[in-house]
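The following paragraphs lead the reader through one protein model, region by region. Please keep the sequence and the structure in view while reading.

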Amino acid sequence: MVARIKGPSQKVVVVGAGLAGLSAALRLAGTGRDVTVIERELVPGGRSGLLNQDGYAFDTGPTVLTMPSLIQDAFSAVGEDMKDWLELMPVSPLYRAFYADGSQIDVHADTKAMEQEIREKVSASEAAGYRDYVDFVTKLYKYEMNDFIDRNIDSPFNLLTPNLARLIALGGFRKLQPKVNQFLKDPRLQKVYSFQAMYAGVSPQQALAIYAVIAYMDSVNGVFFPKGGMHAVPRALAAAAEKHGVKFVYGSSVTSLEKQGNRVTAAITDKGERYECDAIVMNPDLPVVWKELLGKEPLSIKRLKYSPSCVTLLVGSSKHYDHIAHHNIHFGESWDGVFDELINKKILMTDPSVLVTVPSHDDKSLAPAGKESYYVLFPTPNLDADIDWTIEKSRYRDEMIRVLESRGYEGFGDAIETEHMTTPLDWQAQGMERGAPFASAHTFFQTGPFRPRNIAAGFDNVVFAGSGTQPGVGVPMVLISGRLAAERIVGPVK
């Protein structure tokens, strides 16, 4: 039996309308609970935010959407069909990868198309290796999803299932990079099928092979883009929740909690509003919740190690580039060195690998007529590094543009019409511990049963959702975390 909160659970407050909070709210509403969601911003979304600037609509958070079945799952909790609320377009190619030697490889979800791409760009033997790799990650996904990702875990003993033995036999607990290299010998393919470890806040050299499951989620299952941008997802989820009786309070921050013994009885906002609750779901970053609202910081939270951070540059531009796709990864010559700099030395990348997403590539409504929008992401160390972003910000902005121009974006700087830059300092100001939008790193002892639990120790009715708790980081994971949080309150949700 999975542990559940104690006492009544009819009236639930959800703090934060991020994807996890919305996922929890829909599940709770589907079981007839009275749900109130309190959100400090004026729109839903949390980290999946929206910035309207000079005629452009920018997503401020994640740009890669995988596993749409999990979004449908949230709608299904209230008997709705995702297609009535959201239009998802498959992205093709999933990524266009550019390399320091001038070559490029398109990544396709369709395995036959990808085999053909590898046969033409690399070799027939690498195409065969890729086919074996797909078999490997498909098995990983099958063995991991139900037992390790999509369930509440109260103890490491919960993992003692036949699938654990299968994962061990498959090599899931070896290191990711050597495991990928076992199938793929070309360094270009090794990079494109292991960089996803960064989403989990660890380097491919450090990550466990089980994190190849992220490569399955995008490179085999497919990448999608919602019409209206990524922010269309939280907007749709919130609208469906509202239709089914969930009350939303926007523009209000929860600043304190009323407690009686081990129970939270009400949430108090910065406007002095009081919202009574039988149970409360916390969507903000765990350390922030513990310190600012629950009034303590358990040792397990204090000891957490955080993922690298990133700088994003949102650009509205008059310049169009024919050679790029929706998602573009530009790999530097250095690979192991990049992660050593980010994670161990905690310095800025000297030979960066960067992501450039072009939302207007597939949805022209996100930019004025004839213009393009760009989302540029450079990984950086988090705030444990000795970098003063108040000084570094403008210098690094110029460096980002210099790198882009050297990687084929000719005249990028001169074509900028509007821009918005976010540094680790800004992520911290938004409530992300150590300025790390990818939360605590998925090292072995911060993964699965060792990741902070989603039920608050010392409290009878406080549950967590979001990337800081189980199962972890990424849009699929946080959607699952919302359902797992709801199950701590109401039991298994069909």
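In this predicted model, Lys345 has a relative accessible area of 52% and is therefore exposed, as the cut-off for that class is over 50%. Its side chain meets that of Asp340 in a salt bridge, with 3.6 Å from N to O. Asp340 has a relative accessibility of 28% and counts as partly exposed.

A second charged pair joins residues of two other classes. The side chains of Lys364 and Glu372 form a salt bridge at 4.0 Å, N to O. Lys364 is exposed, at 54% relative accessible area, whereas Glu372, at 6%, counts as buried. Where the cut-off for a buried residue is under 20%, the value of Glu372 places this residue in that class.

A third salt bridge lies within a helix. Glu399 and Arg402 meet through their side chains at 3.0 Å, N to O. The two residues are 3 places apart in helix H13, which means that about one helical turn separates them. Both ends of this bridge are partly exposed: Glu399 has a relative accessibility of 22%, and Arg402 has one of 46%. Elsewhere, Arg27, Asp73, Arg483 and Glu487 are joined into one network by salt bridges that share partners. Over the whole structure, the search finds 26 salt bridges.

Helix H13, which spans residues 389–406, also contains Glu405. This residue is partly exposed, at 36% relative accessibility. What does the side chain of Glu405 reach at 3.1 Å? The partner is the backbone nitrogen of Phe412. The same side chain also reaches the backbone nitrogen of Gly413, at 2.9 Å. Leaving aside residues up to four places away in sequence, Glu405 touches Gly411, Phe412 and Gly413. With Pro352, which is 53 residues away along the chain, the separation of the C-alpha atoms is 13 Å.

Phe412 leads from these polar contacts to the nonpolar interior. The largest nonpolar core comprises 151 residues, and Phe412 is listed with Tyr133, Tyr193 and Leu237 as having the most contacts inside it. Helix H4, residues 124–149, supplies the largest share of this core, namely 12 residues. Leu237 illustrates how distant parts of the sequence come into contact: beyond residues up to four places away, it touches Leu19, Leu22, Leu26, Ile71, Ala74, Phe75 and Leu479. A second core, separate from this one, has 25 residues, among them Val249, Leu257, Val264 and Trp290.

Trp290, a member of that second core, is also one of the buried residues of helix H10. This helix covers residues 286–294 and is mostly covered, with 7 of its 9 residues buried. The buried positions are Leu286, Pro287, Val288, Val289, Trp290, Leu293 and Leu294. Against which elements do the buried residues of H10 pack? They pack against strand E10 (254–260), strand E13 (279–282), helix H11 (299–302) and strand E19 (462–464). Just after the helix, Gly295 adopts a positive phi of about 80°.

The aromatic residues form a further set of contacts. A pair of aromatic rings is described by the distance of the centres and the angle of the planes. The structure has 25 aromatic pairs under the rule applied here. One of them is formed by Tyr95 and Phe195, which meet edge-to-face, with 5.4 Å between centres and 90° between planes. Tyr95 belongs to strand E6 (residues 95–98), while Phe195 lies in the loop between helix H7 (187–192) and helix H8 (212–220), so this pair ties together parts that are 100 residues apart in sequence. Both Tyr95 and Phe195 are buried.

Another edge-to-face pair consists of Trp389 and Tyr396, at 5.7 Å from centre to centre and with 80° between the planes. Trp389 has a relative accessible area of 3% and is buried; Tyr396, with a relative accessibility of 3%, is buried as well. Finally, ring pairs link Tyr95 and Phe195 with Tyr99, Phe331, Trp335 and Phe339 into a cluster.

Key
Residues are numbered from 1 along each chain as its sequence is written. This is a predicted model: local features need pLDDT of at least 70, side-chain atom pairs count only at pLDDT 80 or more; totals for chains, interfaces and linings use all residues. Side-chain values use heavy atoms; hydrogens and water are left out. A nonpolar core is a set of buried Ala, Val, Leu, Ile, Met, Phe, Trp, Tyr and Cys residues joined through side-chain atoms within 4.5 Å. Buried means under 20% relative accessible area, exposed over 50%, partly exposed in between (1.4 Å probe, protein chains only). Helices (H or I, at least four residues) and strands (E, at least two) are DSSP runs, numbered from the N terminus. Contact means heavy atoms within 4.5 Å. Rings of Phe, Tyr and Trp (its six-membered ring) pair if their centres lie within 6.5 Å; planes under 30 degrees apart count as stacked, over 60 as edge-to-face and the rest as tilted. A polar contact is a pair of N or O atoms within 3.5 Å; within protein, one must be able to donate a hydrogen and the other to accept it, and residues adjacent in sequence count only if both atoms are side-chain atoms.
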